[in-house]
Every structure is written in structure tokens, then in C-alpha cells.
Amino acid sequence: MKQIFKLFLFLIPCAAAAQQLPPGLLGGMLKSDSWVIRKDAQQEEFKGNVSYDSGLYKLKSDYALSDRAKNTFTLDGNVYLMNKDTAGAMTELYSKNAVFNTLTQQGRAAAYPQKPLQIFYTVPDIYKVEAQGKTLNIDGKKQTLELKDNVKIKYTEPYDFALAFADTAFIDRAKNTARLTGNAELDNKNYTARAEDIFYDGAAGLITVTGNYPLFTMVNDDASAALQSDKVTVNTVTKNVEASGRISGWVAPKQTK
């Protein structure tokens with residue numbers, strides 16, 4: 001469980017990296033079917049097959065607008081952004097549209113009605129993070145990210161995995177916290193937690209599960225267990241699980257053949 005929350009915190013710089021404009025991107029470096037400059041309005045408009053590819057950075061969309069007066073850059077229609085670092089780690093963003101402010105470092109993106117917005121972060125041969133939802137809001141200065149509506153986050157590595165589901169995921173990298181709210185569920189090969197609110201406090205090393213009479217199940221080599229209570233707290237360091245309020249459940253040792 002701890003691992004997927006750590007990966008949540010990586011989504012902020014990953015998604016932000018996919019939004020950052022490389023030096024020299026504008027002023028004709030973008031390819032498009034048409035390009036219009038409005039000097040008085042301080043705007044550049046690109047229409048049709050908009051693209052940019054520097055090897056480490058790729059951009060594609062149907063439309064792009066640079067508004068220097070407002071410090072905004074807008075992409076619309078089949079948006080794809082890719083950023084790769086020199087070590088090979090790659091971030092990709094797919095959405096219907098994306099708007100970001102180069103001054104405030106705030107950005108947002110939205111999905112098509114029938115197709116989710118997607119973020120992929122891949123470290124070759126080590127792990128991969130896939131996140132999806134309907135809307136994405138990023139604040140680069142505050143180091144926060146909010147992913148909303150039918151949120152799904154998947155973390156995989158060669159010998160492990162974790163899944164998260166929620167109505168909203170809010171990540172605060174500066175505070176080292178992450179929160180899943182609304183029909184929240186968190187799974188890995190040993191644990192499953194279902195509740196209204198699942199909160200990770202990285203500094204304290206605690207996961208707190210509350211709301212909607214949480215259900216917590218566990219399976220390992222020795223036993224299986226199920227627990228319901230008003231509040232469940234998991235210490236990610238000691239692995240201790242504490243429950244309080246209306247506690248019920250069971251523990252069953254695994255049968256040996």
C-alpha cells in the first residue's frame with residue numbers, strides 16, 4: 001500500500017513535466033497546417049496536425065494557441081504530450097485539451113466524454129504508473145495535483161502491483177500526503193481497503209481509512225483476515241494495523257496440506 005502512495009507523489013512532477021514547454025518551441029518551431037501571428041494581441045495560433053518532436057519532448061494536437069499577454073498555452077483536440085529524461089524515464093499525457101500558465105505554473109487538462117484522460121510514467125524495466133480520470137489540475141508552485149472523476153491508478157513492477165480507485169485523488173508533494181475520496185479502494189497482492197476516504201501521511205508513515213464503515217482485508221502466507229470498523233490505521237513502517245469504533249471481523253490461519 002505504501003508503494004502506490006509514493007508513486008502518487010511522483011505524478012506531480014511527471015504530469016508537470018509533460019506540460020513544460022521546451023525552449024524555442026514557439027515562434028515557428030511547431031509544425032502545423034496553418035500558422036497565424038497576431039502581433040497586437042501577442043498571440044500565435046496553430047491549426048491542423050500540430051506537432052513538435054525534439055527526441056526528448058513530443059507534442060501533438062489538432063490546435064494550439066500561444067497567448068503571451070496571458071502567459072497561457074492552450075492545446076485542443078487529440079492532445080499528446082511526452083517528456084523523456086536523459087536516463088530514459090518517460091512521461092506521457094493523453095487528453096482532449098490542456099491549458100497551462102507559464103507564469104503561475106498552473107495547468108489543467110480534460111478528457112473526451114467517452115474516453116478518459118491518461119497519464120503514463122515509465123521507468124524502463126523497473127516500474128510503470130498509469131493514471132486516468134476525467135479532469136486534471138496541477139499547481140507547480142504548490143506542488144499539488146488533483147485527478148477527478150472515475151479515477152484509476154495502477155502501479156506495476158516485475159514482481160509487484162498496486163491499484164487505486166476513487167472519485168478524486170489529491171496529491172500534495174510538498175506535504176508528502178495523498179488522499180483518495182469517494183468510493184475509494186486500494187489493492188495490492190496482500191491488502192484491500194475500501195472506504196469513503198483513504199489518506200496517506202508520508203511523514204508519519206501512516207495510512208488512515210475512514211468513512212462508509214471501512215472494509216480492510218488481508219491475505220499472506222500465514223493467514224487471511226477481514227476487518228470492519230469506523231477507522232483503520234496502517235503503519236507503513238511497522239506494518240501494524242489498528243482499528244477503532246464498531247469493530248468486527250475474523251482471522252483464519254491458512255490450512256496446510
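In this predicted model, K31 touches N49, V50 and S51, leaving aside residues up to four places away in sequence. One of these partners, S51, lies 20 residues from K31 along the sequence, yet the two C-alpha atoms are 5.2 Å apart in space. K31 itself sits in the loop between helix 1 (2-19) and strand 1 (34-38). Is K31 buried or exposed? With a relative accessibility of 62%, K31 counts as exposed, because the cut-off for that class is over 50%.

From this single residue, the view can be widened to the whole chain. The protein chain holds one helix and 19 strands. Among its 257 residues, 42% count as buried. The accessible surface of the chain comes to about 13400 Å², and carbon and sulfur atoms make up 50% of that surface. Contacts along the chain can also be sorted by sequence separation: of those with a separation of 6 or more, 41% are between residues 24 or more positions apart.

Strand 13 is a good place to follow how strands are arranged. Strand 13 covers residues 191-201 and runs antiparallel to strand 12, with nine bridges joining the two. Within this pairing, R179 stands opposite F199 of strand 13. How many residues make up the hairpin connection between strand 12 and strand 13? The hairpin passes from one strand to the other through two residues.

Strand 13 has further partners. Five bridges tie it to strand 14 (residues 206-210), again in an antiparallel arrangement. In this pairing, D201 has L206 of strand 14 as its bridge partner. Strand 13 and strand 14 also form a hairpin, here with four residues between the strands, and in this hairpin G205 adopts a positive phi near 70 degrees. Strand 15 (residues 215-219) is joined to strand 13 as well, through four bridges, and these two strands run antiparallel. There, T192 is found opposite T217 of strand 15.

The end of strand 12 deserves a closer look. N188 belongs to this strand, which spans residues 177-188. Which backbone atoms does the side chain of N188 reach? One is the backbone nitrogen of N190, at 2.9 Å. Another is the backbone nitrogen of Y191, at 2.7 Å. N188 has a relative accessible area of 14%, so it falls under the 20% cut-off and is classed as buried.

Charged side chains give another way of connecting parts of the chain. A search of the whole structure finds six salt bridges, and three of the pairs are described here, beginning with E44 and R68. In this pair, the closest N and O atoms are 3.1 Å apart. The two residues come from distant parts of the chain, 24 residues apart: E44 is in strand 2 (residues 43-53), while R68 is in the loop between strand 3 (57-67) and strand 4 (72-84). Their surroundings can be described through accessibility. E44 is buried, because its relative accessible area of 7% is under 20%. R68 has a relative accessible area of 45% and is therefore partly exposed.

A further salt bridge returns to the strands already introduced. The side chains of D197 and R179 meet with an N to O distance of 2.8 Å. Here too the pair links distant parts of the chain, with D197 in strand 13 and R179 in strand 12, 18 residues apart. R179 is thus a residue with two roles in this account, as it stands opposite F199 and also takes part in the salt bridge with D197. D197 counts as buried, since its relative accessibility is 15%. R179 counts as partly exposed, at 34%.

The remaining pair to be described joins two loops. R246 and D230 form a salt bridge through their side chains, with N and O 2.7 Å apart. This pair also links distant parts of the chain: R246 lies in the loop between strand 18 (241-244) and strand 19 (248-253), and D230 lies in the loop between strand 16 (223-228) and strand 17 (231-235), with 16 residues separating them in sequence. Are these residues buried or exposed? R246 is exposed, because its relative accessible area of 55% is over the 50% cut-off. D230 has a relative accessibility of 31% and so counts as partly exposed.

Methods
Residues are numbered from 1 along each chain as its sequence is written. This is a predicted model: local features need pLDDT of at least 70, side-chain atom pairs count only at pLDDT 80 or more; totals for chains, interfaces and linings use all residues. Side-chain values use heavy atoms; hydrogens and water are left out. Buried means under 20% relative accessible area, exposed over 50%, partly exposed in between (1.4 Å probe, protein chains only). A polar contact is a pair of N or O atoms within 3.5 Å; within protein, one must be able to donate a hydrogen and the other to accept it, and residues adjacent in sequence count only if both atoms are side-chain atoms. Contact means heavy atoms within 4.5 Å. Accessible areas come from the Shrake-Rupley method with a 1.4 Å probe; for residues, only the protein chains shown count as cover. Two strands pair if DSSP finds at least two bridges between them. A salt bridge is a side-chain nitrogen of Lys or Arg within 4 Å of a carboxyl oxygen of Asp or Glu.
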